[in-house]
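These are my notebook entries on a protein and DNA assembly. I set down what I looked up, one topic to an entry.

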Number of protein chains: 2
Amino acid sequence: MPKVGMEPVRRKALVDAAMRVIGDHGSLTVTMSEIAKQAGVSPALAHHYFGSKEQLLIETVRVHLQRLRDSVITALRAAKTPREKLSAVIRVSFQADQFAPETIAAWLAFYAEAQRSEETRRFLVIYARRLRSNLLANLKALCPEEDAERIAEGAAAMIDGLYIRQSLRSAPISIEASIALTEDYINLLLAPLSREAAVQRTET
Amino acid sequence: MPKVGMEPVRRKALVDAAMRVIGDHGSLTVTMSEIAKQAGVSPALAHHYFGSKEQLLIETVRVHLQRLRDSVITALRAAKTPREKLSAVIRVSFQADQFAPETIAAWLAFYAEAQRSEETRRFLVIYARRLRSNLLANLKALCPEEDAERIAEGAAAMIDGLYIRQSLRSAPISIEASIALTEDYINLLLAPLSREAAVQRTET
DNA sequence: TATTTTTGATTGACTGATCAATCAATAAAA
DNA sequence: TTTTATTGATTGATCAGTCAATCAAAAATA
């Protein structure tokens, strides 16, 4: 049924199919055939639009990272205060769709791929920086910059760690518990620093 | 040079070679040829001793997890108090050899593999449980059990998270900084819960 | 001790399967 | 007619896994 303007439709279908197949399979060692089948087209068409398997996979990372970014932006807009914005960033990280086993499996596979593909690595580095900087920007409004950096580093690590540990599916932690742990961390580290009481502390 | 008793020698050489090749390659999509070459034997011999590539990889995970376990046990023995034991567990997690880029890349690859191989997953689950329980046992001596569980969960996540983030090699964190972040986390959560911890609040 | 037999170690050459990538051909819009 | 979408068939490369053959040490035997 060749109709003009199929390209964007097919590209999206293939990228979505790739994510699903990778998530199910839990690995990037998926075939173009599987992806194409899942997208309801022939393997040859996948090559036609993406040129190579690698390009399709890179595009898949790119698109999904972009979507995650959009979620964060939306959530940040809805939050008013810096403290609310911090919570928003955390909440999005543990969003139901992000926390689904197949999604986690897929991201894990991409992390592994990043060791080999410079382009995949670049995208993931951007994600890691963004997470850290979203936390940092709002923490800076609540405590001295020096402390903000430490806390952002720790919180980002905790978020990624909870995520990774989830991938093993042993003693899975609920979304709420994951959010609570991260919030607790920030609250406790912030508590002694946020007040003006800290202000009178000059550098040691 | 056929001499009797080569089997254990070859097995060890192949397992070590596998870890090295996987670490360099940053992925489990390595060939038996590469591994065998690295070990200085023919691919056929690798098959002779391990039966299949999958078995060799599983054995590789097992052996390296065992080594990590031995390090932890040794470190725990050397530590006296529960608080010292906590520090020991953290220290071993970030040991230089564990924190080397190739080692991290290899573990990441195994995590991804665990999504597909039930046996690999089992080993990693054991590791995750052990980390958590080593932390938990010693935390229990320092605070109420309920809190101990929360803190153990958070600390384990932070350790794994720092580890994973290291794999992207963007803004790498030093071993000392990683240890400090984790120690800080535990100290701060412990502070309001234990008299002893409050006493030994010495540094920031 | 000298000779033969057995056994473990090792490999080169091969096979079968899998898969990414290509391409020529077809069908339907424009 | 030209362009775009689409596929079946095919190719070439890569690899895991197999196997029969070799070689040398060890054990058994004379």
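**Entry 1. Fold of the chain**

I took helices and strands as DSSP runs, a helix having at least four residues and a strand at least two, numbered from the N terminus. The model is predicted, and I read every value below as computed from it. On that basis I counted 10 helices and zero strands in chain A. Reading along the sequence, I noted the pattern α-α-α-α-α-α-α-α-α-α for chain A. I also looked up the extent of the C-alpha trace of chain A, which spans about 70 × 40 × 30 Å along its principal axes.

**Entry 2. Relation of the two copies**

I next asked which rotation superposes chain A on chain B. I found a rotation of 180 degrees, with 0.1 Å of shift along its axis and an RMSD of 0.1 Å. The two copies are therefore related as by a two-fold rotation axis. I then looked for the C-alpha of chain A nearest the axis and found that of A:Gly161, 1.8 Å from it. The contact residues of chain A recur in chain B to 100%, and the same surface thus serves both copies.

**Entry 3. Contact between chain A and chain B**

I listed the residues in contact and obtained 39 from chain A and 39 from chain B. In chain A, I found that A:Gln115, A:Arg165 and A:Leu168 lose the most area to chain B, together 21% of what that side buries. The area buried between chain A and chain B is about 3800 Å², and carbon and sulfur atoms give 64% of it.

I turned to the polar terms. I counted four salt bridges between chain A and chain B. I recorded one salt bridge in detail, in which the side chains of A:Arg150 and B:Asp184 meet at 3.4 Å, N to O. The count of residue pairs in polar contact between the two chains is 12, with both residues at pLDDT 80 or more.

Which elements give two or more residues to the side of chain A that touches chain B? I found α7 (101–113), α8 (118–140), α9 (145–167) and α10 (175–194) of chain A. The largest share comes from α9(A), with 12 residues. By class, I divided the residues of this side into 20 nonpolar, nine polar and 10 charged.

**Entry 4. DNA strand C**

I found 20 residues surrounding DNA strand C, the closest being A:Met32, A:His47, A:Lys53, B:Arg10 and B:Ser42. I then checked which atoms of the strand come within 4 Å of the protein, and sugar and phosphate account for 74% of them.

I looked up individual distances to phosphate oxygens of DNA strand C. An N or O atom in the side chain of B:Arg10 is 2.5 Å from one such oxygen. For A:Met32, a backbone N or O atom lies 3.0 Å from a phosphate oxygen. For A:Val30, a polar backbone atom is 3.3 Å from a phosphate oxygen of the strand.

I assigned the surface near DNA strand C to elements. At least two residues each come from α3 (43–50) of chain A and from α1 (6–25) and α3 (43–50) of chain B. Of these, α3(B) gives the most, with four residues. The residues of this surface divide into 10 nonpolar, six polar and four charged.

**Entry 5. DNA strand D**

I repeated the search for DNA strand D. I found 20 residues surrounding it, the closest being A:Arg10, A:Ser42, A:Ala44, B:Met32 and B:Lys53. Among the atoms of DNA strand D within 4 Å of the protein, 76% belong to sugar or phosphate, and the rest belong to bases.

How far is a phosphate oxygen of DNA strand D from an N or O atom in the side chain of A:Arg10? I read 2.5 Å for A:Arg10. A backbone N or O atom of A:Ser42 lies 3.0 Å from a phosphate oxygen of the strand. For A:Met6, I noted a polar backbone atom 3.5 Å from a phosphate oxygen of DNA strand D.

The elements that each supply at least two residues of the surface near DNA strand D are α1 (6–25) and α3 of chain A, together with α3 of chain B. I found that α3(A) gives the most, with four residues. By class, I recorded 10 nonpolar, six polar and four charged residues on this surface.

Technical notes. Residues are numbered from 1 along each chain as its sequence is written. Chains are lettered from A and ligands numbered from 1 in the order in which they are written. Side-chain values use heavy atoms; hydrogens and water are left out. Contact means heavy atoms within 4.5 Å. Buried area is the accessible area (1.4 Å probe) that two parts lose on being put together, summed over both. A polar contact is a pair of N or O atoms within 3.5 Å; within protein, one must be able to donate a hydrogen and the other to accept it, and residues adjacent in sequence count only if both atoms are side-chain atoms. Ala, Val, Leu, Ile, Met, Phe, Trp, Tyr, Cys and Pro count as nonpolar, Asp, Glu, Lys and Arg as charged, and the others, Gly among them, as polar. A residue is near a molecule or strand if one of its heavy atoms lies within 4 Å of it. Copies are superposed by least squares on the C-alpha atoms of residues with pLDDT of at least 70 in both.
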